[in-house]
There are 2 protein chains.
Amino acid sequence: MRAVDVIIKKRDRGEHTREELEFFILGYTRGDIPDYQVAAWAMAVLLNGMTPRETADLTMVMAHSGQVLDLSDVVPRAVDKHSTGGVGDKTSLVVVPAVAAAGLPVGKMSGRGLGFSGGTLDKLESIPGYRTDLTVEEFKRQLREVGAVLTGQSVDLAPADGKLYALRDVTGTVPSIPLIASSIMSKKIAAGAQAIVFDVKVGLGAFMRTLDQARELATLMVDIARQTGRKAIALLADMNQPLGHAVGNALEVKEAIATLQGQGPADFYEHCLTVAAHMLVLGGVADSIEAGRARIAEVIASGRAWDRFRAMVRAQGGDVRAVDEPERLPRARYIETVPSPRAGYIAGVHARRVGETAVLLGAGREKKGDPVDHAVGIVVHVKVGDEVEAGQPLFTIHANDPTKLAQARAALLDAVTWSVTPTPRLPLFYGVITG
Amino acid sequence: MRAVDVIIKKRDRGEHTREELEFFILGYTRGDIPDYQVAAWAMAVLLNGMTPRETADLTMVMAHSGQVLDLSDVVPRAVDKHSTGGVGDKTSLVVVPAVAAAGLPVGKMSGRGLGFSGGTLDKLESIPGYRTDLTVEEFKRQLREVGAVLTGQSVDLAPADGKLYALRDVTGTVPSIPLIASSIMSKKIAAGAQAIVFDVKVGLGAFMRTLDQARELATLMVDIARQTGRKAIALLADMNQPLGHAVGNALEVKEAIATLQGQGPADFYEHCLTVAAHMLVLGGVADSIEAGRARIAEVIASGRAWDRFRAMVRAQGGDVRAVDEPERLPRARYIETVPSPRAGYIAGVHARRVGETAVLLGAGREKKGDPVDHAVGIVVHVKVGDEVEAGQPLFTIHANDPTKLAQARAALLDAVTWSVTPTPRLPLFYGVITG
């Protein structure tokens with residue numbers, strides 16, 4: 001087999017065999033096949049597509065390009081969740097301890113933020129001392145003893161995916177649904193997941209801009225799960241406006257803490273209930289979504305979800321006082337409220353622009369490896385459909401640089417659109433894709 | 001400007017500006033833009049296409065990526081020819097001296113063979129001592145003094161094209177009509193051509209298999225010539241069966257010599273008359289194709305074309321005795337005639353298979369840099385439409401290895417298809433594309 005013939009096959013709209021994908025992807029991972037051949041192939045895949053069968057094979061080839069975790073000695077069925085990324089999405093911080101408190105241990109390996117989209121690891125690292133570099137042994141021990149783990153990848157899971165993703169990033173080949181789906185799934189499978197709830201974000205602040213795209217990705221991921229013997233469901237979740245109020249690392253941790261204590265924003269609480277309930281159902285701990293929701297509401301109301309979060313923070317070396325007294329979390333020098341310049345109904349709070357403003361303030365990164373400022377960010381006080389008086393707070397900006405503060409103020413006012421007549425609220429979810 | 005944005009524009013079916021192509025192609029030539037980005041872009045171009053305007057801009061960017069020869073001090077209008085490559089195509093060896101003898105000096109930089117397709121330089125190097133590495137100064141002096149030059153590229157003409165072509169070869173991005181057209185045209189323009197006759201081969205032994213593809217390439221090249229201020233016409237020439245009889249380097253030189261002496265195969269002589277006549281018309285030396293044909297027929301009949309060939313060989317250091325007495329050219333150890341196994345009409349002599357058999361014997365190369373054996377090759381005694389008796393010679397194989405001789409015999413018999421009823425001859429040309 002020659003690499004160029006694999007490229008030519010996809011160029012000519014052929015369907016790869018499992019053997020071809022193994023030869024090509026593992027050859028690339030070993031360094032036997034050069035970047036330029038894989039770049040040409042990735043463009044051919046983006047433009048000509050892959051069948052679900054090919055995508056499932058690519059997923060398994062990438063998953064098995066490195067170590068595949070086996071959690072079966074720790075949990076009867078490892079249930080994971082994955083968000084495709086958005087603005088203000090601190091869901092994992094709430095659902096992991098809540099689901100654990102409801103009786104289903106959850107160990108999750110998360111990622112960092114890039115561009116307008118935040119990352120769970122950056123948020124957690126707002127907590128002084130919190131370790132995101134657990135070894136596999138530490139991960140498993142904590143999953144057994146605490147039931148809740150939120151860490152980074154300690155081993156190089158699915159190294160083929162890591163190498164391919166870096167190449168796609170610089171060759172214009174990121175927005176391919178089969179390549180996105182196989183990238184996500186390969187990491188989940190390598191991390192030991194037997195069942196996965198996909199939180200597929202759609203809208204202005206998501207990578208999937210249209211419901212059609214989001215549904216295509218969700219359907220493909222659920223299908224790959226089925227083909228590879230995993231259980232999965234996918235939620236299609238709104239990301240036109242930020243989720244909850246807080247955008248920025250420490251600010252989002254505070255909001256997650258409030259939510260775990262029963263005082264979170266209504267939309268975010270509801271989002272967490274739904275995601276967590278699906279996890280309980282997939283994990284066999286709840287018989288129905290309704291039962292799962294009730295169970296999660298109960299562990300939040302009783303404080304057991306919060307206790308589990310504290311136990312997780314302590315187990316991972318975090319300073320528990322900083323979560324007990326969130327004013328101890330990193331705090332920005334300049335905190336300024338932006339009042340509404342007018343009265344009216346909120347027609348839109350452009351999620352991507354809010355996310356980009358948070359990056360401008362230092363909360364996120366333009367490119368991999370950039371440092372982030374955990375203190376800075378934005379609290380969005382309004383939701384689409386709200387009626388607002390002139391002078392009422394729209395945003396609170398947390399900044400460490402007065403110039404950036406001024407730029408953020410202008411950008412945020414631009415991110416709001418108005419209506420003189422009442423506008424409907426946005427739905428939280430647009431649908432559920434089941435296998 | 002970022003390289004990835006240029007890729008994304010073509011991925012999304014955008015049309016490049018001249019500035020984008022300069023940035024991308026010259027950045028690649030300098031080494032500032034890596035292979036993998038250009039590979040992804042080339043695949044996007046292959047699958048999404050380029051407009052004629054983009055293709056003309058790409059051509060000029062590549063042509064000017066290195067030195068551009070100016071022949072205006074030597075010839076009033078530099079007329080070139082280009083064949084897209086085939087089997088038994090020794091046209092340049094005849095038309096360059098014939099056109100020169102007819103009053104239009106021609107200096108041509110040719111290439112080497114690759115795969116089933118032969119190359120003019122390999123053929124010429126059958127002549128002991130013949131130099132194909134003239135400097136630009138030697139090229140111009142000979143063009144002025146002898147009027148006929150057939151050499152290789154002494155300087156790195158259109159280096160961007162050279163680098164891009166090598167990358168396309170290993171990334172499955174060769175068969176893109178805009179990339180092929182701009183590759184050919186950029187080298188012709190860099191070599192100083194002001195007018196070009198394109199000999200676009202179509203059929204089983206050509207890179208363009210269908211008339212539609214050949215017409216598309218021909219039309220695009222003529223259009224690029226017009227857009228860049230050059231004159232051009234393109235002939236669509238049959239390449240389903242080999243051109244003439246001889247396939248293989250010294251064998252083709254012998255056939256070219258015979259043709260220059262008025263004793264060539266009818267089809268090849270006719271092909272040369274047509275190509276050369278169009279060159280005379282483009283060069284302003286003949287008023288019509290008919291007048292041009294008559295002029296070429298006259299210089300062949302009078303021996304002046306042959307004299308010019310001898311003068312060219314002498315000027316380039318070749319042994320004139322070897323062309324005066326062609327039995328002095330390299331000669332294979334084993335010469336075997338393959339008789340016809342049956343009676344019937346010849347329905348096909350598969351040009352690519354004959355070319356591949358010549359490569360098998362050692363006449364061509366599988367990959368760049370391989371050596372070639374000038375002595376070996378095949379003489380094809382039959383043409384499509386011929387009526388043949390059992391036992392009549394079909395091929396004469398010239399080999400230096402008995403095993404390969406046996407393989408060639410089998411392959412050649414497989415290359416012939418038969419009819420029990422009379423079959424029409426193949427046309428030499430399918431059309432002419434003018435600007």
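This passage describes the arrangement of the two chains, the aromatic and charged contacts, and a small set of paired strands in a predicted model.

In chain A, three domains are assigned: domain 1 covers residues 3-49, domain 2 covers residues 79-324 and domain 3 covers residues 330-419. Taken over C-alpha atoms, the centres of domain 1 and domain 3 of chain A are separated by 43 Å.

The relation between the chains is easy to state. A turn of 180 degrees, with a shift of 0.1 Å along the axis, lays chain A on chain B with an RMSD of 0.0 Å. The two copies are thus related as by a two-fold rotation axis. Within chain A, the C-alpha nearest this axis belongs to A:Tyr36, at 1.9 Å from it. The contact surface fits this picture: of the interface residues of chain A, 95% are also interface residues in chain B, so the copies meet through the same surface.

Attention now turns to the aromatic side chains. A pair of aromatic rings is described by the distance of the centres and the angle of the planes. Over all chains, the count comes to 6 aromatic pairs. One of them is formed by B:Phe24 and B:Trp41, whose ring centres lie 5.2 Å apart. Their planes meet at 50 degrees, and the pair is therefore tilted, since stacked pairs need planes under 30 degrees apart and edge-to-face pairs need over 60. This pair links distant parts of the chain, with B:Phe24 in helix α2 (residues 18-30) of chain B and B:Trp41 in helix α3 (residues 35-48) of chain B, 17 residues apart. B:Phe24 has a relative accessibility of 0% and counts as buried; B:Trp41 is likewise buried, with a relative accessible area of 0%.

Another pair, B:Trp306 with B:Phe309, has ring centres 5.8 Å apart and planes at 20 degrees, so this pair is stacked. Here both residues belong to helix α14 (residues 304-315) of chain B; because they are 3 residues apart, about one helical turn separates them. B:Trp306 counts as buried at 11% relative accessibility, and B:Phe309 counts as buried at 0%.

Rings also take part in contacts with charged groups. In chain A, the charged end of A:Lys163 sits over the ring of A:Tyr28, 4.6 Å from the ring centre. In chain B, B:Lys163 lies over the face of B:Tyr28, also at 4.6 Å from the ring centre.

The last feature is a sheet in chain B. Four strands form an open sheet in the order β6-β9-β11-β7, with antiparallel pairing. Strands β6 and β7 (334-339) of chain B are the edge strands, each pairing on one side only. Strand β6 (residues 246-247) of chain B is joined to β9(B) by 2 bridges, and β9(B) is joined to strand β11 (residues 393-399) of chain B by 4 bridges. At the residue level, B:Ala246 stands opposite B:Val379 in β9(B), while B:Val247 stands opposite B:Ile378. On the β11(B) side, B:Ile378 stands opposite B:Ile397.

In a regular strand the side chains alternate between the two faces of the sheet. For strand β9 (residues 377-380) of chain B, both faces are covered: B:Gly377 and B:Val379 lie on one side, B:Ile378 and B:Val380 lie on the other, and all are buried.

Methods. Residues numbered from 1 in each chain as written. Chains lettered and ligands numbered in written order. Predicted model: local features only at pLDDT ≥ 70, side-chain atom pairs only at ≥ 80, totals over all residues. Heavy atoms only, no water. Domains from an automatic or database assignment. Phe/Tyr/Trp six-rings, centres within 6.5 Å; stacked < 30°, edge-to-face > 60°. Buried < 20%, exposed > 50% of the residue type's maximum accessible area, 1.4 Å probe, protein only. Lys NZ or Arg CZ within 6 Å of the ring centre and 35° of its normal. Least-squares fit on C-alpha atoms with pLDDT ≥ 70 in both. Contact = heavy atoms within 4.5 Å. Pairing = 2+ DSSP bridges.
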